[in-house]
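Let's take a walk through this protein together, starting from its interior and working outwards. Please have the sequence and the 3D view open side by side.

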Amino acid sequence: MKLLAVDDEMNILELLLFNLKKEGYDVDTAADGESALMLFAKNKYDLILLDRMLPGMDGTDVLKKIRSVEPNIPVIMLTAKAEEADKLKGFDLGADDYVTKPFSMMELKARVRAMLKRKIKEEPEAEPNFEMGALVIDYQNYKLYIEGEKIPLTLKEFELAKLLTKNQSKVFSRENILEKIWGYEYYGETRTVDVHIRTLRKKIGDYGKLIKTVHGVGYSFDPRSPSESKGKD
């Protein structure tokens with residue numbers, strides 16, 4: 001598996017390089033956003049570790065450019081900012097996870113493994129597409145279309161859409177969604193789910209109305225058409 005680690009603090013880059021190589025990963029490093037994007041353009045990566053605060057081009061700008069090219073690659077943001085607003089901004093832009101500095105290397109490696117485990121899948125059995133009106137979800141190839149137009153989703157957004165549409169009317173708690181999609185506990189940071197639900201709803205337009213909030217519990221997918229659900233929460 002090939003990883004890209006981006007951080008302007010050389011001691012952190014060296015620490016990441018040493019520990020991730022010990023885990024058997026092929027790791028490239030960059031100390032600024034421009035260098036990271038040059039490497040990203042030349043290589044195919046399985047996961048990116050991206051510092052939030054970089055000299056010149058900010059980490060969020062780097063993430064925007066990465067997402068415009070590759071919406072599905074797992075990205076873990078590294079940041080010294082622990083404020084919820086900063087984390088939510090990162091998730092809004094398509095980050096899959098957030099690790100606050102100083103971080104435990106054991107925890108970071110566990111998160112990397114969890115992300116890659118979900119990315120690496122044995123050849124799946126053929127699954128029929130989900131179709132509802134103009135909405136088509138190609139479960140097999142991780143693609144979602146509305147009226148024939150491909151909607152760019154991050155990996156986590158697609159997995160959310162898949163989980164909810166394959167289990168219509170079933171209510172999933174935020175903790176349950178974190179376990180099934182992220183593969184580990186977030187220690188109470190369930191706002192992660194809310195942000196991804198919000199961005200998924202926005203991207204799929206009227207069909208986002210079918211993702212219902214079950215207050216005090218979590219979320220479910222209501223199989224009624226958007227017109228039938230109009231005006232209902």
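The paragraphs below go through the nonpolar cores, then two helices, and then the salt bridges. Keep in mind as you look around that this is a predicted model.

A good place to begin is the inside. The largest nonpolar core is made up of 49 residues, and the ones with the most contacts inside it are Leu16, Leu49, Leu144 and Ile177. Helix α6, which spans residues 155-166, supplies the largest share of this core, with six residues. Apart from it lies another core, of 21 residues, and among them you will find Ile73, Val75, Phe91 and Tyr98.

Now centre your view on Leu49. Leaving aside residues up to four places away in sequence, Leu49 touches Leu4, Ala5, Val6, Leu16, Leu20, Ile76, Leu78, Leu108 and Val112. Two of these names, Leu16 and Leu20, are worth following, as they take us to our first helix.

That helix is α1, residues 10-22. Its 13 residues reach 18 Å from the first C-alpha to the last, close to the 18 Å expected at 1.5 Å a residue. Which residues of α1 are buried? They are Ile12, Leu13, Leu16, Asn19 and Leu20. Around the axis they cover an arc of only 145°, which puts them on the same side of α1. Turn the helix over and you meet the face directed away from the buried side, where Asn11, Glu14, Phe18 and Lys22 are exposed. After α1 comes Gly24, which has a positive phi, near 100°.

Helix α7, residues 174-182, invites the same kind of look. Its buried residues are Arg174, Ile177, Leu178, Ile181 and Trp182; Ile177 we have already met in the largest nonpolar core, among those with the most contacts. If you look down the axis of α7, the buried residues fall within an arc of 100°, so they line one face of the helix. On the other side of α7, Glu175 and Glu179 are exposed. Gly183 follows α7, and its phi is positive too, near 85°.

Let's turn to the charged side chains. The model has a count of 15 salt bridges, and a few of them deserve a visit. The side chains of Arg52 and Asp58 form one, at 3.2 Å from N to O, and both Arg52 and Asp58 are buried. Elsewhere, salt bridges link Asp7, Glu9, Asp51 and Lys101 in a network.

Helix α6, already familiar from the core, also takes part. Within it, Lys156 and Glu159 meet in a salt bridge of 3.7 Å, N to O. Why is about one helical turn between Lys156 and Glu159? Because they are three residues apart in helix α6. Both Lys156 and Glu159 are buried.

A neighbour in sequence, Glu157, reaches beyond its own helix. Glu157 forms a salt bridge with Lys203, with the closest N and O atoms 2.7 Å apart. Glu157 lies in helix α6 and Lys203 in helix α8 (residues 191-203), so this pair ties together parts that are 46 residues apart in sequence. How accessible are the two partners? Glu157 counts as buried, because its relative accessibility is 2%, whereas Lys203, at 34%, counts as partly exposed.

Methods. Residues numbered from 1 in each chain as written. Predicted model: local features only at pLDDT ≥ 70, side-chain atom pairs only at ≥ 80, totals over all residues. Heavy atoms only, no water. Core = buried A, V, L, I, M, F, W, Y, C linked by side-chain atoms within 4.5 Å. Buried < 20%, exposed > 50% of the residue type's maximum accessible area, 1.4 Å probe, protein only. Helix = DSSP H or I, 4+ residues; strand = E, 2+ residues; numbered from the N terminus. Contact = heavy atoms within 4.5 Å. Salt bridge = Lys/Arg side-chain N within 4 Å of Asp/Glu carboxyl O. Arc of directions from axis to C-beta. Expected span 1.5 Å × (residues − 1).
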